[in-house]
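Got the structure open in your viewer? Let's take a walk through it, one selection at a time.

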Amino acid sequence: MDEKRRDQLSSTSFGNSTPSGNGTVIAMICEDRLPVTILDGPGFRKFLEKSRPDVQLKHVSYYTQNVLPILCDNLEEKVRRDLTFATNVSLVFDTFKSDADRDEHVSLSAYWMNIQTMEPRHALLFYKTVPESSEISSLFIHSKLAKYEVHQKTIGYISESPSISNIDWLENISTKLPDFEAILDEISRSIYSSSTDLLRKVAHTVIDFQKMQKDQETTASKIQILETALPNVVLERPDSLSRRGHQEILRIALNISAIRNTINSSGNEDQRYTKLTEEEIKVTSFIFSILEQIQEAHNQIRHRYYQTASVIIPSLRVLLHKLTDVVKNDPSSPEQSIGRNVLNKLETAANDSQKNMVLKTATFLDPRFKDAFFFECHKSYMIHNFKDRCGKVIKEEVLVAPKNEEKNRQMSVFDSFIQEKSNGSSSEPKTELETEIENYLKEETNSRTDPIDFWLQNQCKFPILKYLAAQYLATPASASGAKKLYEDGEKIIPTGFSDNSRDSFVFCSANIDVYGY
C-alpha cells in the first residue's frame, strides 16, 4: 500500500474502531448489497441530513473512486492476516457467464479450518470480470496467491473454469480435485446421449401446454404450471442445463401427461399440441427416477456449514449401488440402455475419485465415513505419508507373568515361532499415529455424526488425527458461488459503471460480513 493510499485510509478510518461517515456509508452499501445509486437519491440524502447532520454525502463517483479502493485494501490485508494462521488451504476457481452481458465472471476463494474450533472458514480472494472466451493470466493468479501467502499451503484446488487454464504450476504443488456438482450434472446430461430428441420433445411439450393454458381457461384452472425458462434452455443451450434443471422439467412434463390423460378421457384434448407417447412417458419416468436417486444421494449427507469434499466418494459409491439395482439387464428395453449408460459414467466417476489421495484422506478423516466406502484400504497410506507428524514411538513390551515362566522355557522352537507370528503385531513398536488410527476406526459413528463435534470431543484421544482433520475437512465438494457473487454485483452496481468498480464491490460485500470494516 503506497503512502497516499495509507493517508487516505487513515482519514477514512476503516482501520479504526469508529469509522468516519464516508467509510460507514460505503461499508453499509457492501454489507446490505444496496444499489450504490441510493447515495444520490434525494430521499436518502434528506434522511441522512436529519439523522446524521455531521455527515456530508458526496457524489457516488467519489465513493467508487476514492473510498471503495481503500476498503478493498483493508479487507485484503485482513484476509491475508487470517490466512497466516491456516495450516493448509484449498482453492476454488468458479465462473459464471451471464446471458445479459456474455462476460465471464471469475472468482477465486480459499477454504481452510480454524484448528482451535474446527470450524471451516473461507474468504473470497478475487473476483474478476473478463471478456467472453478470454483467459486470466497465470501470472495474475500467481501474484494473488503470493500476496495472500497461500501458494505453498495449497493442498488441492477445484477448477473447471475455461477462463483459467494455464495453471500447471499449481498442479505441481497441489492436487486437482473433482467438482461434485459438475460430476452429477455430467451424469445427468449423459442420460440423453442415446435419445437426444426426447429431451427436446419434452421441452416442446411444456411450451405447448403453456400455450394451451393461455388459450383454454378451463384447462388452466385444473393445474398451474409455473412459467419457466427451462424449455428454452433445453432448446438453445442443452449443455448448460443442470441436474436440478433436468429434474424439474421432467417433473413438469410428467404432471402435464397426467393432466392430459384426464382431459383425454373426457374427449376434450386439443390435438394441435405436442404430447409424449406412452413409450416416451415410460422412458421419461425412468429417467426421472434416476435423477431422484441422484438428488436423494446428494441431499442425504448434510453439514452445518457447507458440503465438504469428504462426501464425494461415499455418495458416488452409494449411488452406484442403488442405481445398479434400478437398472435391469434387459438389452431390448430402451430405458435400460439409458440406465447402463448412466452406470458407466457413474462407475468412471467413482473410480476416478478413489484415485485422488486428497479426496480419500478427507473421507478417511470424516468420522461419518472413515474407510467404509473405499475400494482399497487407505490405512497404510495414512501411516506411510503422515508418520513424520508424530515424534514418539510407543514401546509395547511383552510382559510374561511369573507363573508362565516355566511353561515358556519348555516351549519348543516351533511353538515359539507360531506364538511370535500370531503376536507379531503387538510385539513390534507402534507409532502414535498407528495407534490413533486403530482406535479411531473402532469408534462407533454413523452418517449423522457431526464431524466438528467429534473432533472437538476427541482431540485429546486423537491429537494427530485431529490435526490432520483440520487440514483436510474444510475442502468444499463443489465450485459454487460465482453466480451469487454476480447477482450481488448486479444489485449494487447498475449498468454504466466500470467492471473494476463492480468487481471491487463484489469482493468487499463477500468478505465484509466476516471481517468487518
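Start by selecting Phe364, Tyr440, Phe454, Trp455 and Phe462: ring pairs link these residues into a cluster. Rings of Phe, Tyr and Trp (its six-membered ring) pair if their centres lie within 6.5 Å; planes under 30 degrees apart count as stacked, over 60 as edge-to-face and the rest as tilted.

A quick word on what you're looking at: this is a predicted model, where local features need pLDDT of at least 70 and side-chain atom pairs count only at pLDDT 80 or more, while totals for chains, interfaces and linings use all residues. Residues are numbered from 1 along each chain as its sequence is written, and side-chain values use heavy atoms, with hydrogens and water left out.

Stay with the cluster and zoom in on Phe454 and Trp455. Among the 13 aromatic pairs found in a search of the whole structure, there is one whose rings are worth turning to view. The pair of Phe454 and Trp455 is edge-to-face, because the ring planes sit at 85 degrees, with the centres 5.0 Å apart. Are these two buried or exposed? Phe454 is buried at 5% relative accessibility, and Trp455 is buried at 0%. (Buried means under 20% relative accessible area, exposed over 50%, partly exposed in between, with a 1.4 Å probe and protein chains only.)

Next, select Phe96 and Tyr486 from the set of 13 aromatic pairs. Their ring centres are 5.2 Å apart and their planes meet at 45 degrees, so this pair is tilted. Phe96 belongs to strand β1 (residues 89-97) and Tyr486 to helix α23 (residues 482-492), so the pair ties together parts that are 390 residues apart in sequence. Tyr486 is buried, at 8% relative accessible area. Helices (H or I, at least four residues) and strands (E, at least two) are DSSP runs, numbered from the N terminus.

Now jump to Met382, in helix α16 (residues 379-386). Its relative accessible area is 0%, so Met382 is buried. What does Met382 touch, leaving aside its neighbours within four places in sequence? Show Thr361, Phe364, Leu365, Lys387, Leu433, Ile437, Leu465 and Leu468: Met382 is in contact with each of them (heavy atoms within 4.5 Å). Thr361 is 21 residues away along the chain, yet the two C-alpha atoms are separated by 7.5 Å.

For a polar stop, pick Gln295 in helix α12 (residues 278-300). Its side chain makes a polar contact with the side chain of Arg243, at 2.5 Å. (A polar contact is a pair of N or O atoms within 3.5 Å; within protein, one must be able to donate a hydrogen and the other to accept it, and residues adjacent in sequence count only if both atoms are side-chain atoms.) Gln295 also touches Arg244 and Gln247, and it counts as buried at 14% relative accessibility.

Now colour the cysteines. How many disulfides does the structure hold? Zero, taking a disulfide as a pair of cysteine sulfur atoms within 2.5 Å. Cys508 is in no disulfide, and its nearest cysteine sulfur, that of Cys72, is 3.4 Å away. Cys508 is buried at 0% relative accessible area, whereas Cys460 is exposed at 76%.

Finally, zoom out. The chain has 24 helices and seven strands, and 48% of its 517 residues count as buried.
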